[in-house]
Amino acid sequence: MKVILEILLMGLAVLMGAYLVPGVSVDGYGSAIIAAVLIALANATLGFILRIFTFPLNLLTLGLMSFVISVLMILLVDSMMKGFNTSGFLSAALLAIVVTIIKMILDAVFGMSNDQ
């Protein structure tokens, strides 16, 4: 049940982020959920591998490389989906920041902390 709620909240965060960030569009809540799942899968697979290979650079840049990889995963999902569009790297970067903040707020409101 917790996984389903996490997916629904992430879809809501993507939908709200698309509404707030200029240059990002989502066709609807269904497309936002699919985009959220695909972004999570891309970060968990390809993003994880890229983070391993770029660990020294990530260490030198104090984690900035991980952020860049997350933005690249958003751009990858953008190229894979028709219902989720970003206008470029900057809008994808802003979306990553906004979605993270919204997700933190939603997790606090719905009590979805990692210590349970």
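**Close-up views of a predicted helical model**

E6 is partly exposed, with a relative accessible area of 23%. That residue opens the tour, and everything shown here comes from a predicted model.

**View 1. E6 of helix 1 and K103 of helix 5 joined by a salt bridge.** Start with the pair of side chains in this close-up: K103 and E6 form a salt bridge, with N and O 2.7 Å apart. E6 sits in helix 1 (residues 2-20) and K103 in helix 5 (residues 89-110), so this pair ties together parts that lie 97 residues apart in sequence. The two partners are not alike in how much surface they show. K103 has a relative accessibility of 11%, and because buried means under 20%, K103 counts as buried. E6, at 23%, is partly exposed.

**View 2. K103 again, this time with D107.** K103 also makes a salt bridge with D107, and here the closest N and O atoms are 2.8 Å apart. Both residues belong to helix 5, where they are four residues apart, or about one turn of the helix. Put the two views together and you get a network of salt bridges that links E6, K103 and D107. How many salt bridges does the count come to? The count is two.

**View 3. Helix 1 packed on helix 5.** Now step back from the charged trio to the helices that carry it. The axes of helix 1 and helix 5 are 8 Å apart, and the helices pack at an angle of about 135°. With that angle, helix 1 is oblique to helix 5. The crossing of this pair is right-handed. On the helix 1 side, the contact uses E6, L9, M10, L12, A13, V14, M16, G17, A18 and L20. Helix 5 answers with L95, V98, V99, I102, K103, L106, D107 and F110. Sorted by class, the contact of helix 1 with helix 5 has 14 nonpolar residues, one polar and three charged. E6, K103 and D107 from the salt-bridge network turn up in this contact too.

**View 4. Helix 4 crossing helix 5.** Helix 5 has another partner to look at. The axes of helix 4 (residues 64-80) and helix 5 come within 9 Å, crossing at roughly 110°. At that angle, helix 4 is roughly perpendicular to helix 5. This crossing is right-handed. From helix 4, look for F67, V68, V71, L72, I74 and L75. They meet F89, A92, A93, L95, A96 and I97 of helix 5. What classes of residue make up the contact of helix 4 with helix 5? There are 12 nonpolar residues, with no polar and no charged ones. L95 is worth finding in both views, as it takes part in the contact with helix 4 and in the one with helix 1.

**View 5. Helix 2 against helix 4.** Turn next to another side of the story, where helix 4 meets helix 2. The axes of these two helices come within 9 Å and cross at roughly 130°. That makes helix 2 oblique to helix 4, and the crossing is right-handed. Helix 2 brings A35, L38, I39, A42, N43, L46, G47, L50 and R51 to the contact. Helix 4 brings S66, I69, S70, M73, I74, L76, V77 and M80. In all, the contact of helix 2 with helix 4 has 12 nonpolar residues, four polar and one charged. I74 is listed here as well as in the contact with helix 5.

**View 6. S91, a buried residue of helix 5.** Is S91 buried or exposed? S91 has a relative accessibility of 6%, so it counts as buried. Leaving out residues up to four places away in sequence, S91 touches V21, P22, G23, V24 and T86.

**View 7. Y29 of helix 2.** This tyrosine is found in helix 2 (residues 29-53). Y29 is partly exposed, with a relative accessible area of 34%. Apart from residues up to four places away in sequence, Y29 touches L8, G11, L12 and L15. For a sense of distance, Y29 and G88 are 22 Å apart in space, C-alpha to C-alpha, and 59 residues apart in sequence.

**View 8. L62 in the loop between helix 3 and helix 4.** Last stop: the loop that runs between helix 3 (55-60) and helix 4, where L62 lies. Most residues other than glycine have a negative phi. L62 has a positive phi of about 55° although it is not a glycine. L62 is also exposed, with a relative accessible area of 79%.

Technical notes: Residues are numbered from 1 along each chain as its sequence is written. This is a predicted model: local features need pLDDT of at least 70, side-chain atom pairs count only at pLDDT 80 or more; totals for chains, interfaces and linings use all residues. Side-chain values use heavy atoms; hydrogens and water are left out. A salt bridge is a side-chain nitrogen of Lys or Arg within 4 Å of a carboxyl oxygen of Asp or Glu. Buried means under 20% relative accessible area, exposed over 50%, partly exposed in between (1.4 Å probe, protein chains only). Axes are lines fitted to C-alpha atoms, for helices over the stretch in contact, and angles run from 0 to 180 degrees between N-to-C directions. Angles under 35 degrees count as roughly parallel, over 145 as roughly antiparallel, 65 to 115 as roughly perpendicular and the rest as oblique. A crossing is left-handed if the near helix is turned anticlockwise from the far one by less than a right angle, and right-handed if clockwise. Contact means heavy atoms within 4.5 Å. Ala, Val, Leu, Ile, Met, Phe, Trp, Tyr, Cys and Pro count as nonpolar, Asp, Glu, Lys and Arg as charged, and the others, Gly among them, as polar.
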